[in-house]
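Visitor: Hey, I've just opened this one up and don't know my way around. Can you walk me through it?
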Amino acid sequence: MFRSLYAKLALVLFLLFCLTGSALIIASLYSARLYQQEISQHLNIDLAPHIVDEYLLMEKGDINQKNLENLFHELMIINPSVELYLLDATGNILAFSASPKKIRRKKVSLQPLLALLNNRTQLPLMGDDPRSIDRKKVFSVAPIAGENNSRQGYIYAILGGEQVEQLSQMLQNSRILRWASSFLIAGLLFSLIAALVIFFLLTRRLRRLSTSMQAFKPSEHREAATHSHKPRQQPDEIDQLNITFAAMTDRIHSQMTQLQKTDSLRRELIANVSHDLRTPLASLRGYIETLEIKNETLSSTDRQEYLGIAKRHADILNRRIDDLFELAKLDARELKPRLEHFSISELIHDVSQKFELHCQQQGLSLRIAMNTTNTFAEADIALIERVLDNLIENAMRNTPAGGEICLQLDENEAHEITVSVIDTGCGIPAEDIPYIFDRFYQKSSGSSSDDKGTGLGLAIAQRIVDLHGSHLQVSSQLQQGSSFSFNLQSATNG
């Protein structure tokens, strides 16, 4: 029942209002009583001194009964709520105006009487009530002087006798007092209800957030949470929680999507690797087993041929494994380009010399076209060389004998150097162009070589170019050739 935040707040608020209301009512009644006593004592504080000045009540230690009886009679007529007591010098009660049956004390303490005589500002002061063993009441007191300024006794006036008590009891049951109490209780109840409504409105956004969180949990974090709440221009703590939760769910959703995509790629990679490595591995194993079985019957020429074929398949297998490791590092962003200034024209010449013999063996011509005077670039020279190697190998596989491969350099208006590898090969079908940078992509036909490669060369080249903040662009026409190009940031020589 009290598991929700609103229920707990409502319970705490209810208890707080009950305690506050009870304390307020008790404090109001107590302070009203004290205030009434203080006012009464202030108004009647000179009553006893006036009585002493007007009446001779004691003479040489004896009580003047006639004057005392007259005083009691007049006081009963004028103010019956006041009770008079004649005390001796030690506080013993000598005479009184109240009924003898109601007197419970024979002596009162002089300490509060002397305190009032010495200081009349700290009111109210309470003295002993002779009609009770433990009750205290406000009073007025005056000393009765004797010979040589000695004190024969005291006039002790209780301000609020039995009639006042009866009247107070009646007031406690009065309609006005009940009305005032009812009004106070109604005010507290109204404040409680208003506070609960305000708390309900304030926690509404928290409830919406809690609902979104609970709805997000059963989805196994695969769906981003939706929020209808729009944060304010100056968001508060709850808005910040909503914003943070929305960002968290979006991130989790993105990560889950990425994990699913990665898992799919992993499965595809395993399948492709298994298929792609099985062929050269099976060929390698087959020729080695043939050598092992027929070693005595094979001629030296056949043996060398079989060993050459086995070595070629071993090289293919090694190259494909190296490409897989390299692509994995690029995908994991483990490779960071080490930027440096170098001459891109010199790098192109070095790469062309490396492939020149292979091109001649395939009947291809390899040429260089320089359309810029600024040949210095800022990049990772080893990674750019790897891109050129992959692009030239791709061009050689797809260009028939008699074709041409061109390494071209250009500079655009933004002072970026454009490197292009252009061939006159069989071209790429338009429907295949969006997929040529995918893992293990291989053209189904038109290749001039039996070795189709790993299908990772263009993917590796694309990721290296991406690391340099550029993009590998391709344009191609069937039976006319293809062009691969990328941009590099130019650098000032020296």
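Guide: Let's talk through some salt bridges and then a patch on the surface. Keep in mind that this is a predicted model.

Visitor: Good to know. How many salt bridges are there?
Guide: The count comes to eleven salt bridges.

Visitor: Pick one for me. Which residue does Lys-137 form a salt bridge with?
Guide: Its partner is Asp-129, and the closest N and O atoms of the two are 3.8 Å apart. That still makes the cut, because a salt bridge needs the nitrogen within 4 Å of a carboxyl oxygen.

Visitor: And is Lys-137 buried or exposed?
Guide: Lys-137 is buried, with a relative accessible area of 8%. Asp-129 is buried too, at 0%. Both get that label because buried means under 20% relative accessible area.

Visitor: OK, what about Asp-315? Which residue does it pair with?
Guide: Asp-315 forms a salt bridge with Lys-311, with 3.1 Å between the closest N and O atoms.

Visitor: Where do those two lie?
Guide: You'll find both in helix H9, which covers residues 300-331. They sit four residues apart, or about one turn of the helix.

Visitor: How exposed are they?
Guide: Asp-315 is partly exposed, at 38% relative accessible area. Lys-311 has 52%, so it counts as exposed, the cut-off being over 50%.

Visitor: Got one that links distant parts of the chain?
Guide: Sure, try Asp-389 and Lys-354, whose side chains meet in a salt bridge at 3.0 Å, N to O. Asp-389 is in helix H11 (residues 381-397) and Lys-354 is in helix H10 (residues 344-361), so this pair joins parts of the chain 35 residues apart.

Visitor: Which of those is buried and which is partly exposed?
Guide: Asp-389 counts as buried, with 12% relative accessibility. Lys-354 is partly exposed, with a relative accessible area of 38%.

Visitor: Which residues do shared salt-bridge partners join into one network?
Guide: That would be Arg-105, Asp-128 and Lys-136, joined by salt bridges that share partners.

Visitor: Changing topic: which residues make the nonpolar surface patch?
Guide: Ile-193, Val-197, Phe-200 and Leu-201 make a nonpolar patch of about 360 Å² on the surface.

Visitor: Let's zoom in on Ile-193. Where does it lie?
Guide: Ile-193 is in helix H6, which runs over residues 175-202.

Visitor: And is Ile-193 exposed or buried?
Guide: Ile-193 counts as exposed, at 53% relative accessibility. A residue needs over 30% relative accessible area to be part of a patch, so with its 53% Ile-193 passes that cut-off.

Conventions. Residues numbered from 1 in each chain as written. Predicted model: local features only at pLDDT ≥ 70, side-chain atom pairs only at ≥ 80, totals over all residues. Heavy atoms only, no water. Buried < 20%, exposed > 50% of the residue type's maximum accessible area, 1.4 Å probe, protein only. Patch = residues over 30% accessible without salt bridge, like charges linked within 9 Å, V, L, I, M, F, W, Y side chains within 5 Å. Areas by Shrake-Rupley, 256 points an atom, 1.4 Å probe, with all protein chains shown as cover.
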